[in-house]
Amino acid sequence: MNLGRQSSSSTITDGRNTVIVSSSAQNYLDDEKHWNEDTPSPVSTRTHPMAWIALFLLVVLRSSVSIFQNTFSPIPKVVASYLGVSLTGVNWLFNIQAVVYIVLSFFTGWMFERLGTKKSLIIAGVITALGCWVRLIAVLIHPPSFPVMMVGQVVASVGSPLTLNIMTKFATVWFPENRRATAGMFVASNYGGIVAMFLMPAVATGEDKIEMTIIMVAAICTGAVLPQFFLPAKPPGGSNATTILPKPSVSFLQCTFQLMKSIHFWMLCGIHGINVGLSIAWGALLNQALTPYGYSDAQAGNIVAVAMAAGAIGALAAGPMLDLTKRHKLFLKLMAPFMCSTYVALIFIIKPDSFAAIIYVNALNNFFLSFMVPVVVELGVEVSHPIPEAISTSLLWQAAQIVGFILVLVLDKFRDATGDPPNNMYRGLIFQAAMAGVSVIISLLYNGPMRRTEALAEERRLQQHQD
């Protein structure tokens, strides 16, 4: 890697690929357009208290979006009967979210760089709330309208990529380098999913409760976006970005195409896509995989909720450990086999009267998965530097949604209508474990460069030399 400091431009290469970057600070404007200095700012490790408030409110907004996303998955049979559709039709209320996510992720990186984090989050929250209220129209029609419900799902699904893909961009604007993995971990954690898995089965106990459930979710999403209007666009006194590192002087599309040439980034897309994609598909179909063995919607919801809580613990552990040790690749190679082992275990333990074993293994699965999420996302930022982190993060989550969408369709086809018991998904469990094994192989082979860390170390060294 060659970082020119005195010339007006420099290049960064990975052997055969070259990115032209600008070494002048004034060529890089952060997402709130407040960097105007012609020389690098000193490295800062201080976090303004307002950053934690902004992070909390982003987590609240992200959680409300997740509650919307999981409105129907804990109660598929009640929803299917209420709307007069099959379980596959209910699955499409979930699948359409992945379609919207995949399409919008092409533009989220550009949007974050162009509009900034505050405007992007306000747009995300407002559109999510609007879509949730459209869903209310669907249930007020007699009989309830599945097409109108689908329209509401499509509109509200816009909020998911905007609130999740923004995690590294938000962390860069609000937090110093030694707190960014921790901040990103909070954003990635699925706290709203935990709430939804307990809340929906408890509230939507029958078809007569669906309307109240829809109103409740719409109110939650509306309330969650309101604080975003009153937050500042950046920490008081300026961004907590550690330094002004060189950024590409080429266009957004050129950056994206350049990133697509990196074999290391493709490997990360494979790892993240399979891991999160399996989680998406399993979360959508777990209820349908368990009910043939006599488990209720409430029990399935509890299993998922406990798993999500374990995932939150995994993410809580990952963020500080990554910030402290910077051993991203080591943790990747450690956690991938552990996660694969849980998918293998699910093949043998999903059977009648095995509630405790299922809840335990599923919790371990989410713990290892959630630990790996910030690891892979941060590795994506590292290997793609100096390309803006919003681009790499958006592409990683897009890959996850593409794989998740495909896996939901594939696993649904593995349902054995004539098996013992009928509609079991035993073959789908075997397929899941095989896919997790592919992720393990890629993880063990990955050895991409840590370009951002190396650039920051070089910047610090040059500052110390000047001092």
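This is a conversation between a trainee and a mentor about a predicted model of one protein chain.

Trainee: What should I keep in mind about this model before we start?
Mentor: Residues are numbered from 1 along each chain as its sequence is written, and side-chain values use heavy atoms, with hydrogens and water left out. As the model is predicted, local features need pLDDT of at least 70 and side-chain atom pairs count only at pLDDT 80 or more, while totals for chains, interfaces and linings use all residues.

Trainee: How many helices and strands does the protein chain have, and what makes a stretch count as one?
Mentor: There are 18 helices and three strands. Both are DSSP runs numbered from the N terminus: helices are H or I with at least four residues, and strands are E with at least two.

Trainee: Why is Glu 382 called buried?
Mentor: Buried means under 20% relative accessible area, exposed means over 50%, and partly exposed is in between (1.4 Å probe, protein chains only). Glu 382 has 1% relative accessibility, so it counts as buried. This residue is in helix α15 (residues 355-384).

Trainee: Which residues does Glu 382 touch?
Mentor: Contact means heavy atoms within 4.5 Å. Not counting residues up to four places away in sequence, Glu 382 touches Pro 449, Met 450, Arg 451, Arg 452 and Thr 453.

Trainee: And Ser 392, is that residue buried or exposed?
Mentor: Buried, because its relative accessibility is 0%. Ser 392 lies in helix α16. Leaving aside neighbours within four places in sequence, Ser 392 is in contact with Leu 259, Phe 265, Gly 380, Val 381 and Ser 384.

Trainee: What makes helix α8 (residues 180-188) largely enclosed by the rest of the structure?
Mentor: Seven of its nine residues are buried, so the description fits. Those buried residues are Arg 180, Ala 181, Thr 182, Ala 183, Gly 184, Met 185 and Val 187. Their cover includes α1 (49-69), α6 (159-164), α7 (167-174), α13 (297-325), α15 and α18 (451-466).

Trainee: How do you know that the length of helix α17 (residues 426-445) agrees with what is expected?
Mentor: The expected span of a helix is 1.5 Å times one less than its number of residues. For the 20 residues of α17 that gives 28 Å, and the end C-alpha atoms are 30 Å apart, which agrees. The buried residues of α17 pack against α12, α14 (328-349), α15 and α16 (389-413); among them are Leu 429, Val 440 and Ile 442.

Trainee: What makes a group of residues a nonpolar core?
Mentor: A nonpolar core is a set of buried Ala, Val, Leu, Ile, Met, Phe, Trp, Tyr and Cys residues joined through side-chain atoms within 4.5 Å. The largest one here has 103 residues, and those with the most contacts inside it are Leu 268, Leu 290, Leu 332, Ile 350 and Trp 397. Helix α12 (residues 263-290) gives the largest share of this core, 16 residues. Apart from that core lies another, of 19 residues, including Ala 80, Val 90, Ala 138 and Ile 210.

Trainee: Why is the pair of Glu 113 and Lys 169 called a salt bridge?
Mentor: A salt bridge is a side-chain nitrogen of Lys or Arg within 4 Å of a carboxyl oxygen of Asp or Glu. The closest N and O atoms of Glu 113 and Lys 169 are 3.0 Å apart, so the pair meets that rule. Glu 113 is in helix α3 (residues 87-115) and Lys 169 in helix α7, 56 residues apart, linking distant parts of the chain. With a relative accessible area of 1%, Lys 169 is buried.

Trainee: How many salt bridges are there by this rule?
Mentor: The count comes to two. Asp 412 and Arg 415 also meet in a salt bridge, at 2.7 Å from N to O, and both of these residues are buried.

Trainee: What makes Asp 353 stand out?
Mentor: Asp 353 has a positive phi of about 55 degrees although it is not a glycine. This residue lies in the loop between α14 and α15. Its relative accessible area is 80%, so Asp 353 is exposed.

Trainee: Why is Asn 423 called partly exposed?
Mentor: Because its relative accessible area is 35%. Asn 423 is found in the loop between α16 and α17, and its phi is near 65 degrees, a positive value in a residue other than glycine.

Trainee: Where are the cis peptide bonds before Pro 386 and Pro 421?
Mentor: The bond from His 385 to Pro 386 has omega near 15 degrees, and Pro 386 is in the loop between α15 and α16. The bond joining Asp 420 and Pro 421 has omega of about 0 degrees, and Pro 421 is in the loop between α16 and α17.
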